[in-house]
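Subject: Structure for you to look at

Hello,

Here is the structure I said I would pass on. My notes on what was found in it follow below.

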Number of protein chains: 2
Amino acid sequence: MAVSLKDIARRAGVSQATVSNVVNGYRPVGEATRARVQQAIDELGYTPNLSARHLRRGRTGIIALAIPELNNPYFAELADAAIRAATRRGYTLLLDYTDGDRDKELLVADGFRAQIIDGLILSAVHLNRDDIASRTSETPMVLVGEAIYHAPYDHVVIDNLAASREAMRHLIALGRRRIAFIGAHIEANRAPSLLRLRGYTEALEAAGLPFDPDLTVTTSGFGRGDGAAGMRALLALPQPPDAVFAFNDLIALGAIRALHDHGLRVPGDVSVIGIDDVEEGRFSIPTLTTISPDKEMIGRLAVEKLVDRIEGRPAGPPAEFQPPFRLVVRESAPAAGPA
Amino acid sequence: MAVSLKDIARRAGVSQATVSNVVNGYRPVGEATRARVQQAIDELGYTPNLSARHLRRGRTGIIALAIPELNNPYFAELADAAIRAATRRGYTLLLDYTDGDRDKELLVADGFRAQIIDGLILSAVHLNRDDIASRTSETPMVLVGEAIYHAPYDHVVIDNLAASREAMRHLIALGRRRIAFIGAHIEANRAPSLLRLRGYTEALEAAGLPFDPDLTVTTSGFGRGDGAAGMRALLALPQPPDAVFAFNDLIALGAIRALHDHGLRVPGDVSVIGIDDVEEGRFSIPTLTTISPDKEMIGRLAVEKLVDRIEGRPAGPPAEFQPPFRLVVRESAPAAGPA
């Protein structure tokens, strides 16, 4: 059980108000009394109430992380890292779930629940720079992910162009020549998909491979079902692909299932690579080759930049922070053997 | 963009205070003015601010759902259902994440953030009835899941004993005779594991099959890694099992991967069944046979019972609610062929 001010008061033989004055510094307390209260605090192992401390500074001690999908384990893993970082800085992190809905993203960015949160970390899908520029809320905000670039907020995001190029270089080194991309989005402001798609086309060009528009598959969502449907469309082509670069791991895992249903082997017939490094891909059959962003660092940096802004630490102008990523080679696209 | 009181005031040619009086009923407003404000509201498509409405009743309009794991998609799917149900009732649902930690569960149950939430839905792992009985917070609470039975709170949970028996009957009907259980917990108060284990042993007995303690594997967690490790332990037995009943889908998926690594076929050599029906099991290779609890109903009932208590609707004494479940037969343990 948590130790209360009442417990301390009883142990120290003073009133609760006196304990509160010692703990919160509301009024001066005589030295002897203070010492007795402090001894009771030490003996009972009391940890000060962070809420009270925040309240004295006009804060609630609560920050929100708004994510577009609960069912995508990437966001659960990111949230996990952010929650741990927030706890270390003395904040409680709430999850806001925007359901990939543009109106909900606007609502969250514009200060929904502004009374109860000190700051917001926003992972948007639909909002663009213009939406964010017309934001009226003054609640500090940090952006994560790839939807919004060059807005006047701290922004934590991996280098998506470089990540895509590295995924593609791996497939090309395996000798793959008809490489498909699943997870393009037609909406013009879908920056992450655009950057990953640009990495795809640039890598093809760098390798002297032709760009075949039939091999770029647009999806409406980012889930396993989208990946499976995209793969089925590719398998209906006169010349199906020999490799798949998927926008994320869930799409890749759905594509692998569709290939299996079609009687094709991964990686024997088709190599598959994703982005995210979700735990599922370490246990799937085959295990999934992927680009692993440093999710721990993304969550931690987002929280630290936000808390610095909330607490008025010198933080300089808004900046972009790029946590590292690395290629994780597993069964779905193993390393090329010796030539 | 959301319509504000200011927008309405401008359109109606009245002050913001007047609009607020019409919308919130703070002070009487003349009929002609009221009509003009109402017309502006209708024309602009304004939806009243639920927060304000809750505040007038001494509420915040926020309820919390405390879950033990973010990385288990079961809880993400449950949260998704609860969030939708809360929105329908005019509440915002926050996720609290207890990390399967006993102290955090106590903290949450005992009224952590009591100032900002109207009620709590708690999915506990460690707490038992005694912990809950000594709760001091008066914030309304509803329990979901299997850790705590017979506490004085509404409780939403499937019939775990019946669910386990049904899973076992399916494996036994396939002709399996050495059926292992992965996911037992040694801690005495782990009710869900105990009930599922009891269903396992009762089904063996009903089928006249011997209970072999070597086939019951204790795990420390509920993840894919726990399932894989448990399966490896079983495969090291002189007489390995011919089927696995896993405590949940993630454990089942980890077990399938360990079987694959060992060169065994699922379901050819070993049949596998889980509980939860997470999306991953619809795309895994092989797809996963499972017990599917009605997650939508669990989330919805938990929210509705909680909101009834918060709003003081006649709700009767605390009761237990059992949403249905069903067996979903897929590749990892397909239906028995004709005899």
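A good place to start is one residue pair inside chain A: A180(A) stands opposite V244(A) of strand β8(A). Please keep in mind throughout that this is a predicted model.

The strand β6(A), residues 179-184, is joined to β8(A), residues 243-246, by 4 bridges, and the two strands run parallel. A second partner of β6(A) is strand β7(A), residues 216-218, where the pairing is again in the parallel sense and takes 3 bridges. In that pairing, I182(A) has V217(A) of β7(A) as its bridge partner. As for cover, 6 of the 6 residues of β6(A) are buried.

Next, the contact between the chains. It involves 34 residues of chain A and 34 residues of chain B. The size of an interface is often given as the accessible area lost when the parts come together. Here chain A and chain B bury about 3,300 Å² between them, and 62% of that is on carbon and sulfur atoms. On the chain A side, the residues that lose the most area to chain B are R257(A), F283(A) and I285(A), which together make up 22% of what that side buries.

On the polar side of the account, there are 4 salt bridges between chain A and chain B. One of them links the side chains of E331(A) and R257(B), at 2.6 Å from N to O. The count of residue pairs in polar contact between the two chains, with both residues at pLDDT 80 or more, is 6.

Which elements give two or more residues to the side of chain A that touches chain B? They are α5 (73-88), β2 (92-97), α10 (224-235) and α11 (249-261) of chain A. The largest share comes from α5(A), with 6 residues. Sorted by class, that side of chain A has 16 nonpolar, 7 polar and 11 charged residues.

Three single residues are also worth a note.

T287(B) sits in the loop between β9 (271-275) and β10 (289-293) of chain B. Is T287(B) buried or exposed? Its relative accessibility is 8%, so T287(B) counts as buried, the cut-off being under 20%. Apart from neighbours within four places in sequence, T287(B) is in contact with R257(A) in the other chain, and with G281(B), R282(B), R330(B), E331(B) and S332(B) in its own.

V266(B) is in another loop of chain B, the one between α11 (249-261) and β9. V266(B) counts as buried because its relative accessibility is 15%. With neighbours up to four places away left aside, the contacts of V266(B) are I256(B), L259(B), V272(B), P286(B) and S332(B). S332(B) is thus listed for V266(B) and for T287(B). The C-alpha atoms of V266(B) and L288(B) are separated by 9.9 Å, with the two residues 22 apart along the chain.

K295(A) belongs to helix α12(A), residues 295-310. At 9% relative accessibility, K295(A) is a lysine that counts as buried. What does K295(A) touch, not counting residues up to four places away in sequence? The list is Y74(A), E77(A), L78(A), A81(A), D276(A), D277(A) and V278(A).

Regards

How values were computed. Residues are numbered from 1 along each chain as its sequence is written. Chains are lettered from A and ligands numbered from 1 in the order in which they are written. This is a predicted model: local features need pLDDT of at least 70, side-chain atom pairs count only at pLDDT 80 or more; totals for chains, interfaces and linings use all residues. Side-chain values use heavy atoms; hydrogens and water are left out. Contact means heavy atoms within 4.5 Å. Buried area is the accessible area (1.4 Å probe) that two parts lose on being put together, summed over both. A polar contact is a pair of N or O atoms within 3.5 Å; within protein, one must be able to donate a hydrogen and the other to accept it, and residues adjacent in sequence count only if both atoms are side-chain atoms. Ala, Val, Leu, Ile, Met, Phe, Trp, Tyr, Cys and Pro count as nonpolar, Asp, Glu, Lys and Arg as charged, and the others, Gly among them, as polar. Buried means under 20% relative accessible area, exposed over 50%, partly exposed in between (1.4 Å probe, protein chains only). Two strands pair if DSSP finds at least two bridges between them.
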